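Student: Can we go through this model together? I'd like to start with a sheet and then look at the empty space.

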Amino acid sequence: MKRILIIALGTVLTLSGCSADSGNAGGINSKKVLRRMTIEEKARFVIGTGMTGSTGDNAVIGATQLLVPGAAGTTYPLERLGIPSIVLADGPAGLRIDAKRSGDEQTYYCTHFPIGTLLASTWNTALIEQVGAAIGQEVKEYGADILLAPAVNIMRSPLCGRNFEYYSEDPVVAGKTSAAYIRGVQSNGVGTSIKHFAGNNQETNRMNNDAHISQRALREIYLKAFEIAVKESQPWTVMTSYNYINGVYTSESKELVTTILRDEWGFEGAVMTDWYGGKDGGKQMWAGNDMLQPGKEEQYDSIVAAVKKGRLDMVELDRNVERVLRLIEKTPRFQGYKFSNKPDLTAHAAVTRQSAAEGMVLLKNNDVLPLDSKIKHVALYGCTSYDFIAGGTGSGNVNHAYVVSLLDGLKNSGYTVSENLKERYTRYIAEKKKEIKDKIEEDAKKDAQSAMLAQFLPHPLPEEMLFTNSELTVQATGADLAIVTLGRLSGEFIDRSPSDFALSDAERKLIEQVCNVYHKAHKQVIVLLNIGGSIETASWKELPDAILCAWQAGQEGGNSVVDVLSGKQSPSGKLPMTWPVNFTDVASSSNFPIDQDPRIDMFSQGKTGNVRNVDYTDYEEDIYVGYRYFDSFDVPVSYPFGYGLSYTTFEYNNAKIEQSGEKTFKVSVQVRNIGKAEGKEIVQLYVSAPDNKAANKPVKELKAYTKTKSLKPGEQQTVEMTVNESDLASFNEEESSWVVKGGSYRFLIGASSQDIRQTLTAQVQGSKTKVHNVMKPVKKLNLLHR
Ligand code: BGC
């Protein structure tokens with residue numbers, strides 16, 4: 001009787017496409033389901049439902065028309081057993097689904113929230129959780145089940161094309177930001193997929209690059225961010241990356257997805273591949289990569305053959321099936337949630353506007369911001385002032401209903417702008433964009449490879465328009481102030497090039513000329529950066545009066561910028577990565593692809609080549625990523641890690657360290673607002689180990705951070721940060737252990753990595769924790785050493 005019921009219910013669920021009004025709160029008896037599944041069904045079940053029009057040989061970003069059009073993929077339904085398909089959709093700056101459906105008048109726009117880098121720049125985990133909760137509501141109300149986000153890979157080089165989706169060069173910031181995001185999204189009863197696990201730090205040849213990383217750098221840097229997030233937030237799923245690490249595809253690495261992720265960290269959810277990632281379906285199953293997305297016939301064959309030939313034990317396949325069943329059981333679709341297709345887009349516009357303003361980083365301010373109430377009329381330069389970039393391209397894009405440009409943002413707040421400039425720019429941008437589009441279309445006709453590049457790569461931005469000095473002089477006479485916006489657009493499949501990091505000749509000239517003419521007219525100039533990753537600033541930062549890094553701030557971007565410019569919101573973001581003087585100063589720069597063919601086809605997948613930084617990449621800088629390198633080797637930077645100004649200033653007093661129990665250190669400090677404006681301060685706690693040079697440890701490492709509430713002038717707050725002794729460990733490869741050397745440690749409380757305000761010391765006992773000796777490099781690396 002019971003059995004009949006299950007079958008009947010399953011039929012209802014799946015025949016109706018598990019529509020909004022079906023329900024199944026009873027849970028899945030996985031043992032029973034497994035007993036009734038044939039091997040063929042099991043093999044189908046652990047791969048997705050495929051992607052129409054794609055054989056798995058070409059580059060893709062996920063797109064399906066099943067259930068929720070435009071979502072990245074769906075799981076395989078088991079109609080006769082009552083197991084519905086669930087919907088997986090990107091991530092991370094909001095839900096990515098199609099905004100329009102054929103034959104349907106309704107629209108399905110999603111809120112374009114700020115990019116990951118901006119969220120990390122808030123250093124405000126409570127705020128990030130709120131943003132996650134808003135994103136999760138859209139996931140749930142549009143009928144999706146798992147959001148393919150957050151993306152937590154370490155910013156090893158400023159040139160990685162997907163850095164905008166990522167959080168930081170530091171694993172603590174990346175890990176804590178991810179954990180907050182996951183908690184927020186999952187508070188809606190929908191899942192996340194933390195990605196790309198792991199070592200996906202470049203886009204060039206991403207399906208086939210072998211990242212050669214020491215066990216120490218893996219443990220301390222590249223896996224650490226995932227470890228923190230997994231332990232602090234239990235994402236429902238983890239997405240393995242496309243690349244190899246030390247000779248093994250991550251999705252085929254049992255050491256990574258079982259030994260480390262599950263056995264050591266206690267991950268309880270399911271693991272899925274990135275879209276068409278990895279090569280050998282049977283091996284992926286054996287490794288514990290439970291689900292292959294979006295799924296292709298070859299993988300099905302491979303899994304069935306692996307079982308039949310004894311390469312894959314049925315017990316292992318059953319284990320994976322069971323994990324996917326457990327995942328499905330938790331989803332709104334299985335539970336019959338009646339989604340509305342009407343998330344609260346108005347409320348979410350307010351969330352994105354406010355969070356974007358909080359993550360903007362004020363890099364320079366010579367008495368110009370917040371704008372004086374006398375400033376009314378603004379001259380706007382730079383194409384992106386008029387055509388604001390909300391986020392990057394690829395799967396991290398969002399189909400938004402609108403983007404508020406800086407022009408609109410200023411107008412919305414009662415400023416006037418030069419109409420003449422506006423007309424010239426509007427015409428110029430339209431012309432240039434058409435030229436760019438025509439060229440791309442022309443190129444696409446050449447061959448299949450060019451067509452694919454045209455489809456997936458970010459389009460170039462129009463070159464900046466220049467003015468004569470006399471034109472600028474006239475414009476300066478009519479304006480109270482000038483803003484010059486510089487834009488950058490990057491995305492999946494391709495890394496940025498050094499010329500994208502540098503200013504173009506036209507950009508440099510525009511800044512020079514505008515500053516020159518406006519300063520002569522005693523008017524100030526602000527440079528606004530509408531970018532997804534750092535750019536060169538050292539050579540020109542002296543010129544303008546203020547520089548505000550607005551990042552790619554989502555669909556309300558222009559409003560958020562003006563909230564900061566006008567002083568409605570005091571800037572309180574700080575950089576989650578170092579801004580180098582030259583990109584060649586970054587420790588990884590000689591081991592990173594420069595202007596290489598991105599190789600976005602998948603025909604070579606699984607074949608090994610020998611081109612350095614393309615077929616393989618040696619992470620020779622080892623653990624010296626970002627400030628760990630710059631600060632330990634005294635290399636000058638343009639803006640240090642953790643840097644950002646406010647409209648006020650803060651004083652740090654009365655720092656204290658208290659040992660609670662044997663292994664926990666509680667650090668507290670009083671932060672007082674000693675300036676004239678209200679503001680929040682981000683307080684960073686670095687630790688410097690004894691004899692760090694001899695021990696080949698960075699001179700300091702971030703271990704904790706916190707943000708004050710908004711403090712009024714004169715107001716103070718005592719903030720507290722906790723560090724456990726185990727957080728101080730370094731990974732010792734010989735002993736395959738986390739080792740904390742006993743001795744006197746310095747606890748540095750700073751406003752940035754290079755602005756240490758208070759120093760404390762504490763005696764640390766020392767400890768050693770053995771872990772598995774796994775993921776060994778395949779060759780000896782010439783590692784950087786202090
Ligand atoms: C990306 C993933 C994304 C997936 C599905 C892949 O190209 O690397 O981040 O989640 O597509 O769209």
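**Sheets and spaces**

Tutor: Helix α21 (residues 505-520) lies across β11 (377-381), β13 (481-487) and β14 (524-530), and runs at about 170° to β13. Helices (H or I, at least four residues) and strands (E, at least two) are DSSP runs, numbered from the N terminus. Contact means heavy atoms within 4.5 Å. Axes are lines fitted to C-alpha atoms, for helices over the stretch in contact, and angles run from 0 to 180 degrees between N-to-C directions.

Student: Before we go on, what kind of model is this?

Tutor: This is a predicted model, where local features need pLDDT of at least 70, side-chain atom pairs count only at pLDDT 80 or more, and totals for chains, interfaces and linings use all residues. Residues are numbered from 1 along each chain as its sequence is written, and side-chain values use heavy atoms, with hydrogens and water left out.

Student: What order do the six strands have in the open sheet?

Tutor: The order is β10-β15-β14-β13-β11-β12, with mixed pairing. Two strands pair if DSSP finds at least two bridges between them.

Student: Which strands stand at the edges?

Tutor: β10 (361-365) and β12 (416-417) do; each has a single partner strand, so one side of each is left without a neighbour in the sheet.

Student: How many bridges join β10 to β15?

Tutor: Four, with β10 and β15 (residues 546-549) running antiparallel. K364 has I547 in β15 as its bridge partner.

Student: Switching to empty space. What volume does the largest pocket have?

Tutor: About 940 Å³. On a 1 Å grid over the protein atoms alone, a pocket is an open set with protein on both sides within 12 Å along at least five of seven lines, a cavity is a set of points where a 1.4 Å probe fits but cannot get out, and lining residues have an atom within 4 Å of a point. Grid points are joined across faces, edges and corners, and a volume is the space filled by probe spheres set on the points.

Student: Which residues are closest to the centre of that pocket?

Tutor: P458, H459, P460, L461 and D500, out of 37 that line the largest pocket. α17 gives the most to this lining, with four residues.

Student: And how many cavities of 30 Å³ or more are there?

Tutor: Five. The largest cavity holds about 120 Å³ of space. Its lining has 14 residues, with M155, S157, P158, E169 and T578 nearest the centre.
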